[in-house]
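Open the model in your viewer and keep the sequence panel visible. This tour tells you what to select at each stop and what is there.

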Amino acid sequence: MSLATDSPVHSSSSDDFAAFLDASLDSGSSEEAEDANDDLETQRIKRSKVEKLENVEKLENVEEVLGSTSQTSSLIQTVEASIKKDLCTHPGSFGDMCILCGQRLAEESGVTFGYIHKGLRLQNDEIARLRNTDMKNLLRHKKLYLVLDLDHTLLNSTQLIHITSEEEYLKAQTDSLQDVSKGSLFMLDFMHMMTKLRPFVRTFLKEASEMFEMYIYTMGDRAYALEMAKLLDPQREYFSARVISRDDGTHKHQKGLDVVLGQESAVLILDDTENAWTKHKDNLILMERYHFFASSCHQFGFSCKSLSELKSDESETDGALATVLKVLKQIHNMFFDVLKENLVDRDVRQVLKTIRKEVLKGCKIVFSRVFPTKFPADNHHLWRMAENLGATCATELDSSVTHVVSTDAATEKSRWAVKQNKFLVHTGWLEAANYFWKKQPEENFPVNQTKSQ
């Protein structure tokens with residue numbers, strides 16, 4: 001459907017905006033339309049249409065009494081238009097024009113959904129109606145929502161001027177843009193950029209699409225977002241128009257679910273940046289960053305060689321996307337097949353919390369030389385991370401402690417761990433468990449003695 005040509009504003013029919021927008025949003029989806037015969041909102045809309053027709057019939061009766069003259073016809077048209085405008089709740093607008101009745105509105109209001117159509121705004125009641133309707137439809141098909149970040153989550157991009165001498169070999173290994181579905185490394189000359197898709201991403205998207213309706217949400221600009229969507233989804237079978245950029249957000253430097261037409265209780269987010277989602281951390285699965293290019297490592301202050309400089313890459317089978325896909329399947333299974341509550345009352349955030357707490361269940365942790373001396377320990381992100389993963393944290397040593405997490409093997413607590421045959425691990429052990437959703441082998445995270453000791 002063309003939003004410009006098929007808009008009710010340009011139509012002689014009385015089709016209402018709600019049905020129009022529903023059809024527009026579903027135009028790129030293969031899902032069946034929601035059977036809403038018993039939907040109260042649908043009944044309200046029908047009653048509104050009946051009222052309009054009744055008022056129009058009254059006007060026609062007036063015309064019969066007064067006679068059909070050009071003056072009465074003009075009067076009828078004017079009053080009919082006025083009735084329609086008076087009945088309209090202005091659920092959405094293009095610019096300053098109501099998309100249902102065409103009336104010019106005094107001021108712009110509502111939430112902008114420019115990624116659906118430029119200039120489109122929706123009011124809160126209409127957003128709630130669309131979310132409720134779509135939620136029922138998705139749940140019938142055993143699907144939830146998945147919001148995906150681009151950079152360092154699904155792919156890694158670099159400006160061509162930032163390619164190092166050790167990465168020059170990549171220019172001869174880029175894949176054709178004529179059939180991107182078979183490639184993973186692309187030279188985008190028109191953007192002066194090279195992009196590398198994360199290993200396993202195509203399998204990930206294919207399998208995730210069977211469980212979720214997916215959105216792209218990036219802090220990149222819209223032009224970049226759309227080009228990356230073409231590389232990831234050349235047939236537009238996964239995302240359709242659901243590509244959100246920083247130009248579409250309502251808060252600068254922040255991402256929010258207010259521009260996602262999905263109930264928060266059914267949304268999961270994959271992103272490498274926790275601070276981008278300050279209001280939605282309970283929906284977030286934090287991803288390990290994908291640093292393929294040297295510029296990416298430098299951006300985050302790493303002095304090590306990048307994957308490209310090492311002529312290496314993440315594992316297809318054991319990498320970050322393969323790992324998180326298993327987690328998503330587990331969450332999906334628990335949400336639909338394990339929980340006993342009424343389907344519409346279930347909350348994926350609680351499922352996520354439950355599964356996360358199984359990772360370090362049974363571990364009791366004491367930290368040593370990890371926090372500043374006067375810093376409240378229970379407010380440190382590693383303390384909170386450990387508790388979110390199901391561990392118990394303490395400040396004092398006793399026989400029930402299973403792990404000492406330390407940055408220095410020479411501290412009193414570190415020496416106690418060795419003497420008492422407890423696990424002594426570096427902070428990376430916690431971070432790895434958080435990224436891989438699995439308790440990692442402690443021997444892979446040894447603690448060294450600092451030079452000052």
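The stops below cover two sheets, two helix pairs and one loop residue.

**Before you start**

This is a predicted model, in which local features need pLDDT of at least 70 and side-chain atom pairs count only at pLDDT 80 or more, while totals for chains, interfaces and linings use all residues. Residues are numbered from 1 along each chain as its sequence is written, and side-chain values use heavy atoms, with hydrogens and water left out. Helices (H or I, at least four residues) and strands (E, at least two) are DSSP runs, numbered from the N terminus.

**Stop 1: the antiparallel sheet**

Select 155-159, which is strand 6, and 185-188, which is strand 7. Add strand 8, residues 193-197. These three strands form an open sheet in the order 6-8-7, with antiparallel pairing; two strands pair if DSSP finds at least two bridges between them. Strands 6 and 7 are the edge strands, and each pairs on one side only. On average, neighbouring strands here are turned by 15° against each other, direction ignored. Strand 6 and strand 8 are joined in the antiparallel sense over five bridges. Within strand 8, which residue stands opposite Asn156? Click on Lys196 to see the residue opposite Asn156.

**Stop 2: a residue in the loop**

Now select Thr164, in the loop between strand 6 and strand 7. Is Thr164 buried or exposed? Its relative accessibility is 18%, so Thr164 counts as buried (buried means under 20% relative accessible area, exposed over 50%, partly exposed in between, with a 1.4 Å probe and protein chains only). Show Ala294 and Glu309 as well: leaving aside neighbours within four places in sequence, Thr164 is in contact with both. Contact means heavy atoms within 4.5 Å.

**Stop 3: helices 8 and 9**

Select residues 320-338 for helix 8 and residues 348-356 for helix 9. The two pack at an angle of about 120°, with their axes 10 Å apart. Axes are lines fitted to C-alpha atoms, for helices over the stretch in contact, and angles run from 0 to 180 degrees between N-to-C directions. Helix 8 and helix 9 are therefore oblique to each other (under 35 degrees counts as roughly parallel, over 145 as roughly antiparallel, 65 to 115 as roughly perpendicular and the rest as oblique). Show side chains for the contact: Gln330, Ile331, Met334 and Phe335 of helix 8, with Val348, Val351, Leu352, Thr354 and Ile355 of helix 9. By class, this contact has seven nonpolar, two polar and no charged residues. Ala, Val, Leu, Ile, Met, Phe, Trp, Tyr, Cys and Pro count as nonpolar, Asp, Glu, Lys and Arg as charged, and the others, Gly among them, as polar.

**Stop 4: the parallel sheet**

Select 392-394 (strand 14) and 423-425 (strand 16), then residues 364-368 (strand 13) and residues 403-406 (strand 15). These four strands form an open sheet in the order 14-13-15-16, and the pairing is parallel. Strand 14 and strand 16 are at the edges, each pairing on one side only. Strand 13 and strand 15 pair over four bridges, and Val366 has Val404 in strand 15 as its bridge partner.

**Stop 5: helices 10 and 12**

Keep the sheet shown and add helix 12: this helix lies across strand 13, strand 15 and strand 16, at about 135° to strand 13. Select residues 381-388 for helix 10 and residues 428-436 for helix 12; their axes come within 10 Å and cross at roughly 50°. Leu382, Met385 and Ala386 in helix 10 meet Leu430, Glu431 and Asn434 in helix 12.
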